[in-house]
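Biologist: I've got a fresh structure to learn from, and I'd like to go through it with you piece by piece. Can we take a look?

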Amino acid sequence: MGSQSSSAVCKCCDRGGHADGEATHIWPDNAYAAYLPQFEPRNKVASPKGKRQVTFGHTTALEAGERPPARAAASTLPPAQVGEASKQEELQMKLHAEGAEIAPRAVSRTPLPTSASTSPEASPAPPPVAELDAPEANPSYYQEWASIRAALAGGDTILLRGSWVEAVFLSGGTLPRRQDLPAEAIWPPEELLQDVLDYRRPTPQILAISYTWLGPGAADPEGFHLRRFAPLLRHLARHRCQAGAAAIAIFLDWCSVPQLPRTRAEADAFQRSQEYADLWFAHQLTDVWLMTEVPPGATPHAARGWPAFERAVATFVSRPESVIDIGLLKPGWTDWSQVEQECQATWAPPLPPERFAQILESKKFHVPADLAAVADKYRETFARALGGADKLNFAGLGWGDLDAQQLAEVLPSCKRLKELELGRNDVGASGARALAQAFARCPAMHTFGLSENRLGDRAVRELAAAWKSAGKEPVCLDIRTQRHCLRPHSLSSTRSPSSSAPASPTGRGGLPGTPSSADTGFS
């Protein structure tokens with residue numbers, strides 16, 4: 001391959017000026033090459049002028065042709081004319097608009113000595129901010145950037161630059177532990193959040209990796225997991241951010257929090273980082289990749305305690321397409337949307353904390369004392385995520401009666417829940433009965449969708465009666481259309497079947513069929 005000028009754009013990571021002078025990286029010869037997409041990587045597509053890439057990682061803030069907001073115009077000044085104080089003021093205004101009271105705990109911190117923190121180019125520590133609210137009192141905790149800023153503010157947890165991780169993979173290396181990271185591997189939090197604010201740059205996409213540790217003293221000593229997820233980073237970035245791997249910020253515990261052996265300061269930092277162990281997997285602005293494939297002889301992903309926790313909390317309030325099981329990836333895919341569809345993780349209804357604690361007892365932990373800590377963290381996450389959620393959408397997940405019964409068990413804990421969508425599932429009479437019994441214990445809920453399931457006529461009438469008996473408006477109950485019916489039930493409702501949640505990307509819902517005798521009513 002001939003040498004290119006430093007301005008050449010790399011086809012695989014969308015960056016120019018590589019040290020080797022090449023315009024395209026040479027991918028290592030490894031068995032995973034067959035899993036790469038069957039098309040030539042495209043160069044970065046420039047965004048239309050005046051269009052913000054994304055607001056919070058998934059939606060555009062401005063349509064093409066619209067003017068950026070007034071605050072964004074000020075940020076177009078040359079860097080020399082923009083003081084650090086004005087940058088901080090802009091960031092604070094944005095974060096306060098999102099609920100910036102979310103912040104690190106007011107505890108004494110000793111900065112973690114890393115190569116990044118000792119670098120003269122490291123970003124200054126962020127200004128002190130207020131105390132965190134109680135978990136159950138903050139419904140926006142898993143929705144806004146402010147909580148992510150809080151988790152990164154003290155330096156106890158760091159995010160990796162996707163471009164650096166990709167470079168390690170391309171060089172055939174392995175990922176070092178947190179304390180041994182070079183400065184260029186770490187994405188300073190204020191720089192990350194400035195990229196969120198800057199409409200000229202793609203909003204970073206945070207990616208959390210859930211995986212099984214493959215050694216007691218090293219998480220991935222041979223690079224088994226790295227070889228499976230690193231080649232995919234640029235494709236996720238192109239799909240989410242219209243950019244290269246440099247737009248991906250990665251949470252991977254081996255590199256993101258201090259590992260053994262630890263100094264006293266590192267041990268304190270590690271303990272503080274565990275306060276946010278749930279955030280990276282339960283937050284609606286993060287994508288989660290489950291590395292369920294393991295080498296022969298290794299403990300399966302599902303048998304480990306921490307991965308079981310990470311998978312469980314990832315399915316509380318996130319979008320189904322944001323939780324991907326990389327172990328399901330097959331050769332020959334051509335588009336990231338196809339990956340999201342074929343590798344969407346299986347979702348199960350949330351478990352009550354007591355039941356999850358019992359399940360954890362059968363899981364394996366490298367540190368046995370983690371069992372109690374994980375159970376406590378699940379209880380906290382359950383209260384904060386589900387207790388603070390005002391909308392839950394579990395449409396098109398293939399859930400049946402047992403799933404509906406399990407969901408009904410936790411609904412009374414969803415104290416703020418206003419809207420629940422369960423359309424296009426496989427729920428019958430027994431599942432509907434369990435849900436109906438929960439209506440009276442969910443005083444805030446005013447909208448419920450259970451269309452395109454398999455309720456019989458009698459079950460539909462009894463569910464409607466239970467809804468009305470709980471003091472809720474009949475027009476906000478959508479159960480008119482069921483799979484065995486040729487036409488909608490004649491119930492009073494202003495919602496049409498098309499107004500329910502989007503179709504399931506997996507198409508795993510139950511098949512239409514004639515209801516059995518058990519589907520004709522609750523009794």
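Modeller: Sure. One term to begin with: a residue counts as buried when its relative accessible area is under 20%, and as exposed when that is over 50%. Also keep in mind that this is a predicted model.

Biologist: Okay, let's try that on strand β4. Are its residues buried or exposed?

Modeller: Strand β4 covers residues 248-251. Ile 248 and Ile 250 point one way, while Ala 249 and Phe 251 point the other way. Whichever way they point, all of them are buried.

Biologist: So what's the order of the strands in the sheet that β4 belongs to?

Modeller: It's an open sheet of six strands with mixed pairing. The edge strands, each pairing on one side only, are β2 (186-187) and β6 (323-325). Reading across, the order is β2-β1-β4-β3-β5-β6.

Biologist: In which sense does β4 pair with β1?

Modeller: Strand β1 takes in residues 159-161. In β4, Arg 161 has Ala 249 as its bridge partner, and Leu 160 has Ile 250. There are two bridges between the strands, and the sense is antiparallel.

Biologist: And in which sense does β4 pair with β3?

Modeller: Strand β3 runs over residues 205-211. Here Leu 207 has Ile 250 of β4 as its bridge partner. The two strands share four bridges, and the sense is parallel.

Biologist: Let's move to helix α9. Why do its buried residues line one face?

Modeller: The buried ones in α9 (residues 264-273) are Ala 265, Glu 266, Ala 269, Phe 270, Arg 272 and Ser 273. Looking down the axis of α9, they fall within an arc of 165°, so they line one face of the helix. In general, an α-helix has 3.6 residues a turn, so residues three or four places apart point the same way. For α9, the arc that holds the buried residues is 165°.

Biologist: Which residues of α9 are exposed on the other side?

Modeller: Look away from the buried face, to the other side of α9. The exposed residues there are Arg 264 and Gln 271.

Biologist: Last one, the cavities. Which element gives the most to the lining of the largest cavity?

Modeller: The structure has four cavities of 30 Å³ or more, and the largest holds about 60 Å³ of space. β3 and α6 (224-229) are the elements that give two or more residues to the lining of the largest cavity. That lining divides into eight nonpolar residues, one polar and one charged. The element that gives the most, with three residues, is α6.

Methods:
Residues are numbered from 1 along each chain as its sequence is written. This is a predicted model: local features need pLDDT of at least 70, side-chain atom pairs count only at pLDDT 80 or more; totals for chains, interfaces and linings use all residues. Side-chain values use heavy atoms; hydrogens and water are left out. Buried means under 20% relative accessible area, exposed over 50%, partly exposed in between (1.4 Å probe, protein chains only). Two strands pair if DSSP finds at least two bridges between them. The arc is that of the directions from the helix axis to the C-beta atoms. On a 1 Å grid over the protein atoms alone, a cavity is a set of points where a 1.4 Å probe fits but cannot get out, and a pocket is an open set with protein on both sides within 12 Å along at least five of seven lines; lining residues have an atom within 4 Å of a point. Grid points are joined across faces, edges and corners, and a volume is the space filled by probe spheres set on the points. Ala, Val, Leu, Ile, Met, Phe, Trp, Tyr, Cys and Pro count as nonpolar, Asp, Glu, Lys and Arg as charged, and the others, Gly among them, as polar.
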